[in-house]
Amino acid sequence: MIPKTEKIWMDGAFVKWDDAQVHVLTHSLHYGLGVFEGIRCYETSEGPTIFKLDDHIERLFDSAHIFLLEIPFTRQEIKKAVVETVRVNRLKECYIRPLVYIGYGAMGLYPKDNPIKVAIAAWSWGAYLGEEGLEKGIRVKISSFIRGHVNANMTRGKVCGYYVNSQLAKKEAVLSGYDEALLLDTAGFVSEGSGENIFIVRNGLIKTTPLTSILEGITRNSIIEIARDENFRVEERRFTRDEVYISDEAFFTGTAAEITPIREVDERIIGDGNPGRITKKLQSIYFDCVKGRNKKYESWLTRV
């Protein structure tokens, strides 16, 4: 269960958690068109700090633009509302969920003049794939479900309805005894996890899937920048599932997953079965960054 906080921001005002409700005929509830973000706020020595808030809000507006949803607030208003949501709920560390959706009005595939609504919630949330997963790595299954074709689902948008496919992949993996799923694209190349981007390391070269079939992850971009700053070679290049099997290291990235090592894929042990040297180094730098301990990336942080 999501742990309750006191207030949720809805369309410009704070309401009590239990009063944050919508009509059962809300358009997005029936047809899945809405856009959202997942943002983390970390406890630091200087108080609660939001990681890459500007990038997340920019992606939220980009997603809305792609799908012709006109957000009735400015970027600055939404950023301020995110900060206030953390502050009002007196949260030291949390997960933040801004959601843009089509409200109650006309029914049918074309929503006509239905209002565009915005909500922002925040709650305490630990490691998405478990603390043990962060430390020791997780077991992953190649999914029988594939990432949608680039012209069927526009991959730059973080859209509510896309995650039906992710839920199917995740359920299949968990019911099969794994921690997470890894999806292929329509050409058979590795795409991404159910809610994460993937990196592999082989012979010192770090590879990650190009943007043709994946969501452009904000944590993904951060890790690419950190890795290059550390003089690691990073390439955005297609690769196959068997290259994952024989990689020296592999890991997922994402706001929820953070930097989670992968120790096994489809019963194949990755490397020696433990998080690799490069994975651990990038993970350590990342957590130093989000916790405010690495001043090199201070510009990525927004103090609450």
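## Exercises on helix packing, cores and loops

At 41% relative accessibility, Met 154 counts as partly exposed (buried is under 20% relative accessible area, exposed over 50%, partly exposed in between, with a 1.4 Å probe and protein chains only). The model is predicted, so local features need pLDDT of at least 70 and side-chain atom pairs count only at pLDDT 80 or more, while totals for chains, interfaces and linings use all residues. Residues are numbered from 1 along each chain as its sequence is written, and side-chain values use heavy atoms, without hydrogens and water.

**Exercise 1.** Place Met 154 in the chain and list what it touches.

*Solution.* Start with the chain: Met 154 sits in the loop between β8 (138–146) and α5 (163–175). Helices (H or I, at least four residues) and strands (E, at least two) are DSSP runs, numbered from the N terminus. Next, leave out residues up to four places away in sequence; Met 154 then touches Ile 66, Phe 67 and Tyr 162, where contact means heavy atoms within 4.5 Å. Last, take Ser 63: it is 91 residues from Met 154 in sequence, yet the C-alpha to C-alpha separation is 9.4 Å.

**Exercise 2.** Describe how α2 packs on α3.

*Solution.* First take the geometry: α2 (residues 53–66) and α3 (residues 75–88) pack at an angle of about 125°, with their axes 10 Å apart. Axes are lines fitted to C-alpha atoms, for helices over the stretch in contact, and angles run from 0 to 180 degrees between N-to-C directions. That angle makes α2 oblique to α3; angles under 35 degrees count as roughly parallel, over 145 as roughly antiparallel, 65 to 115 as roughly perpendicular and the rest as oblique.
Then list the contact: α2 supplies Leu 53, Asp 54, Ile 57, Glu 58, Leu 60 and Phe 61, and α3 supplies Arg 75, Ile 78, Lys 79, Val 82 and Val 83. Sorted by class, this contact has seven nonpolar, no polar and four charged residues. Ala, Val, Leu, Ile, Met, Phe, Trp, Tyr, Cys and Pro count as nonpolar, Asp, Glu, Lys and Arg as charged, and the others, Gly among them, as polar.

**Exercise 3.** Treat α6 and α8 in the same way.

*Solution.* The axes of α6 (residues 218–229) and α8 (residues 277–290) come within 10 Å and cross at roughly 110°. The two helices α6 and α8 are therefore roughly perpendicular to each other. In the contact, Thr 219, Ile 223, Ile 226 and Ala 227 of α6 meet Leu 282, Ile 285 and Tyr 286 of α8. By class there are six nonpolar, one polar and no charged residues.

**Exercise 4.** Which residues touch the most other members of the largest nonpolar core?

*Solution.* This core has 30 residues, and Ile 50, Ile 71, Ile 78, Val 82 and Ile 96 touch the most other members. A nonpolar core is a set of buried Ala, Val, Leu, Ile, Met, Phe, Trp, Tyr and Cys residues joined through side-chain atoms within 4.5 Å. At least two core residues come from each of β4 (39–44), α2, α3, β6 (94–102) and β7 (116–123). Another core, of 25 residues, lies apart from it and includes Ala 127, Ile 206, Ile 278 and Tyr 286.

**Exercise 5.** Is Asp 266 buried or exposed?

*Solution.* Asp 266 lies in the loop between β15 (258–265) and β16 (268–269). At 13% relative accessibility, Asp 266 counts as buried. Its phi is near 50°, a positive value in a residue other than glycine.
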